[in-house]
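Colleague: I'd like to learn how to read a protein model feature by feature. Could you walk me through one?

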Amino acid sequence: MTTQPQTIGILGAGKVGTGVARQALLAGYQVLIAGSGDPKEIELIISVMAPGAVAVSAAQLMEQADLVVLAVPLHKFRTLDPAGLAGKHVIDTMNYWRDTNGDMPELADAPSSSEMVLSHLPAARLAKALNHIGYHELELDARPAGAPDRRALAVATDDDGTRALVLDFIERLGFDAVDAGPLANGTALETDTPIFTGSYDRADLEAQLAAHLAGAPEFAPVG
């Protein structure tokens, strides 16, 4: 049985990281946030953007968090500590934006962006999730369970324990969580896909996933 996390660690103190932090705090989690340097450098930002979260070092965060959220620019994925994230449940929220990330030849050679990240963090228990919703929409679109207009978000991972944990986390954030299957299926959630550019309820998101996979037979089916 997967133990549900009590402490969420967010690597990245920008708009995405603090947006996830606010929703996680509302859901009752303890939240740690780390930047790339001294925690004191982000304490003021955190106190304003995510009051209740605690600024810590990246090393402290990786040691203490039950679930780690990657919310840094994608081109910085190689600055992440493979040893510190080994064995950790990890959510990859990162997306490729040319203006921000520049050219990334390694991305062109990878099956998907999350599989590229996993190649750098081979012992992490990685899931692709929370990348296909805007940071501001995390608050605007959250709804109680059972609400007729509740938005759905997908989770792709190869790890069954991480899948159960992240699906529950998304539900607690205020969204219907949909199992997208293995990590390779994260291509369905990347920029310029219908799922990334749209907003769907559970049935419509499942239909979009099925349509993507039907056009990509090399991917494993959902479910």
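Modeller: Sure, we'll go through salt bridges, a helix, one aspartate in a loop, and then the empty spaces. Keep in mind that this is a predicted model.

Colleague: Let's begin with charges. How many salt bridges does the structure hold?

Modeller: The general idea is that side chains of opposite charge can pair when their charged atoms come close. In this structure there are twelve salt bridges. One of them joins aspartate 159 to arginine 125, with the closest N and O atoms 2.9 Å apart. That pair links distant parts of the chain, 34 residues apart: arginine 125 belongs to strand β6, while aspartate 159 is in the loop between β7 and α8.

Colleague: Is aspartate 159 buried or exposed? And what about its partner, arginine 125?

Modeller: Aspartate 159 counts as buried because its relative accessibility is 19%, and the cut-off for buried is under 20%. Arginine 125 has 28%, so it counts as partly exposed.

Colleague: Which residues are linked in a network of salt bridges?

Modeller: That would be Arg150, Glu171, Asp176 and Arg202. Within it, aspartate 176 forms a salt bridge with arginine 202, and their closest N and O atoms are 3.8 Å apart. This pair also links distant parts of the chain, with aspartate 176 in strand β8 and arginine 202 in helix α10, 26 residues apart. Aspartate 176 is buried because its relative accessibility is 15%, whereas arginine 202, at 30%, counts as partly exposed.

Colleague: Now a pair within one helix. How should I read that?

Modeller: An α-helix has 3.6 residues a turn, so residues three or four places apart point the same way. Here, arginine 163 and aspartate 160 both lie in helix α8, three residues apart, or about one turn. Their side chains meet in a salt bridge at 2.6 Å, N to O. Arginine 163 is buried, because its relative accessible area is 13%; aspartate 160 counts as exposed, because its value is 58%.

Colleague: Why does the length of α8 agree with what a helix should span?

Modeller: Take 1.5 Å a residue: the 14 residues of α8 should span 20 Å, and the end C-alpha atoms are indeed 20 Å apart, so the two agree.

Colleague: What happens at the start of α8, and what follows the helix?

Modeller: At the start, a side-chain oxygen of aspartate 159 reaches to within 3.0 Å of the backbone nitrogen of glycine 161. Recall that aspartate 159 also has the salt bridge with arginine 125. After the helix comes glycine 174, whose phi is positive, near 115°. As for burial along α8, the buried residues include Leu165, Val166, Phe169 and Ile170.

Colleague: Let's move to the loop. Where does aspartate 66 lie, and which backbone nitrogens lie 2.9 Å from its side chain?

Modeller: Aspartate 66 is in the loop between α3 and β4. A polar atom of its side chain lies 2.9 Å from the backbone nitrogen of glutamine 6, and the backbone nitrogen of threonine 7 also has a polar atom of that side chain 2.9 Å away. Aspartate 66 counts as partly exposed because its relative accessibility is 33%.

Colleague: Last topic, empty space. How much lies in the largest pocket?

Modeller: In general, rolling a probe the size of a water molecule over the atoms shows where empty space is left. The largest pocket has about 440 Å³. It is lined by 22 residues, and the closest to its centre are Val16, Thr93, Met94, Asn95 and Trp97. Helix α1 gives the most to this lining, with three residues. By class, the lining has twelve nonpolar, nine polar and one charged residues.

Colleague: And the second largest pocket: how many residues line it?

Modeller: The second largest pocket has 17 lining residues, with Gly12, Ala34, Gly35, Ser36 and Val72 nearest its centre. Its space is about 320 Å³, and the lining divides into ten nonpolar, five polar and two charged residues.

Colleague: How many cavities of 30 Å³ or more does a search find?

Modeller: One, across the whole structure. About 40 Å³ of space lies in that largest cavity, and its lining includes His132, Arg151, Ile195 and Tyr200. By class, the cavity lining has five nonpolar, three polar and one charged residues.

Note on methods
Residues numbered from 1 in each chain as written. Predicted model: local features only at pLDDT ≥ 70, side-chain atom pairs only at ≥ 80, totals over all residues. Heavy atoms only, no water. Helix = DSSP H or I, 4+ residues; strand = E, 2+ residues; numbered from the N terminus. Buried < 20%, exposed > 50% of the residue type's maximum accessible area, 1.4 Å probe, protein only. Polar contact = N/O pair within 3.5 Å; in protein donor to acceptor, adjacent residues only side chain to side chain. Salt bridge = Lys/Arg side-chain N within 4 Å of Asp/Glu carboxyl O. Expected span 1.5 Å × (residues − 1). 1 Å grid on protein atoms, 1.4 Å probe; cavity = no way out; pocket = protein on both sides within 12 Å on 5 of 7 lines; lining within 4 Å. Points joined across faces, edges and corners; volume = space filled by probe spheres on them. Nonpolar A, V, L, I, M, F, W, Y, C, P; charged D, E, K, R; others polar.
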